[in-house]
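Please look over the sequence and the coordinates shown here before turning to the report, which moves from the overall fold to local backbone features.

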Amino acid sequence: MVTLAATAVGLVGLLVVNSIVVGNSTSNSNSNGTGNSTQIGSPTRTDTATPTPTPAATKTEPLTPPPGRTTAPPAQRPVVYVGKTTEREATVAIALKSGRGVAYVCDGRRLEAWLTGTFRDDKVALRSRTGERLVAAVGAKSATGFVTLHGRTLRFAIGVAGPPAGLYRSANRSGTIGWIVLPDGSQVGIDNDGTPAAAPRLDLGRGVASVGGVQVTARPITGDETF
């Protein structure tokens, strides 16, 4: 009996010691992180990478160069200068339009010349079929220069004329008539049918004149005509 009791006590002691050893081993394994036990109630940390926001795509419009600046020269309005030469030897009319020019110079009796040419940068250079020349500098209100008429050089400084003042012309198979109408209403011109003579009176209201009982029509010269 004594022997059995001692044996039982020894087994109990062995179990207790064994339990303590196992418990310490488990505890140490958990604290070192090498054991297979998982602590209950301890949240498991999961490192989740925060996604980097993708920048919104920026819409890029194609770069279109501005249209080339076109500087088309505007149509020049007709302008007419009329007046006497400096020494009053003759009367001069210059009509300009769109880079072109027409001039008429006459003495009202037998000498005359029709000239055509170009107008650029406020400079006028005109020539007749017989070699007469007119050169002038023009401004907003006046034109200044010289003209050759049958070998003579005549200088002038003439002003802008508003209708009905201006330059008029009638042409047909029998001849040509030119009129310069001055601002005061006076007229100077030549009827040239081969034998130059003073031009008949021009009816400005109707734009007609009578030559030997025959009515002829005159038209205003604006400056871009060619003849």
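The report below takes up the fold, the surface and pocket, and then a few backbone features.

The model is a predicted one. The protein contains one helix and 15 strands, and eight of the strands form a closed barrel in the order β1-β2-β3-β4-β5-β6-β7-β8, with antiparallel pairing. From one strand to the next, the twist averages 25 degrees. In general, strands of a sheet pair through backbone hydrogen bonds, in either a parallel or an antiparallel sense.

One pairing within the barrel can be followed in detail: strand β4, residues 112-120, and strand β5, residues 123-127, are antiparallel and share five bridges. Arg120 has Lys123 in β5 as its bridge partner, and the loop between β4 and β5 holds Asp122, whose phi is positive, at about 65 degrees, although this residue is not a glycine.

As for burial, 33% of the 227 residues of the protein count as buried, and the exposed surface comes to about 15,300 Å², of which carbon and sulfur atoms supply 55%. Among the contacts in the protein with a separation of 6 or more, 39% are between residues 24 or more positions apart.

Rolling a probe the size of a water molecule over the atoms shows where empty space is left. Which residues lie nearest the centre of the largest pocket? They are Ala113, Trp114, Ser128, Arg129 and Thr130, out of 17 residues that line the largest pocket. This pocket holds about 360 Å³ of space, and β4 gives the most to its lining, with four residues.

Two residues other than glycine with positive phi are set side by side in the table.

| Residue | Phi | Loop | Relative accessible area |
|---|---|---|---|
| Arg88 | near 60 degrees | between β1 (79-84) and β2 (91-97) | 62% |
| Asp122 | about 65 degrees | between β4 and β5 | 44% |

Is Arg88 buried or exposed? Arg88 counts as exposed because its relative accessible area is 62%, and the cut-off for that class is over 50%. Asp122, by contrast, is classed as partly exposed because its relative accessible area is 44%, a value that falls between the limits of 20% and 50%.

A further backbone feature concerns a pair of prolines: Pro163 and Pro164 are joined by a cis peptide bond, with omega at about 5 degrees. Pro164 belongs to the loop that runs between β8 (152-160) and β9 (166-172).

Methods:
Residues numbered from 1 in each chain as written. Predicted model: local features only at pLDDT ≥ 70, side-chain atom pairs only at ≥ 80, totals over all residues. Heavy atoms only, no water. Pairing = 2+ DSSP bridges. Helix = DSSP H or I, 4+ residues; strand = E, 2+ residues; numbered from the N terminus. Axes fitted to C-alpha atoms, helices over the stretch in contact; angles between N-to-C directions. Buried < 20%, exposed > 50% of the residue type's maximum accessible area, 1.4 Å probe, protein only. Contact = heavy atoms within 4.5 Å. Areas by Shrake-Rupley, 256 points an atom, 1.4 Å probe, with all protein chains shown as cover. 1 Å grid on protein atoms, 1.4 Å probe; cavity = no way out; pocket = protein on both sides within 12 Å on 5 of 7 lines; lining within 4 Å. Points joined across faces, edges and corners; volume = space filled by probe spheres on them.
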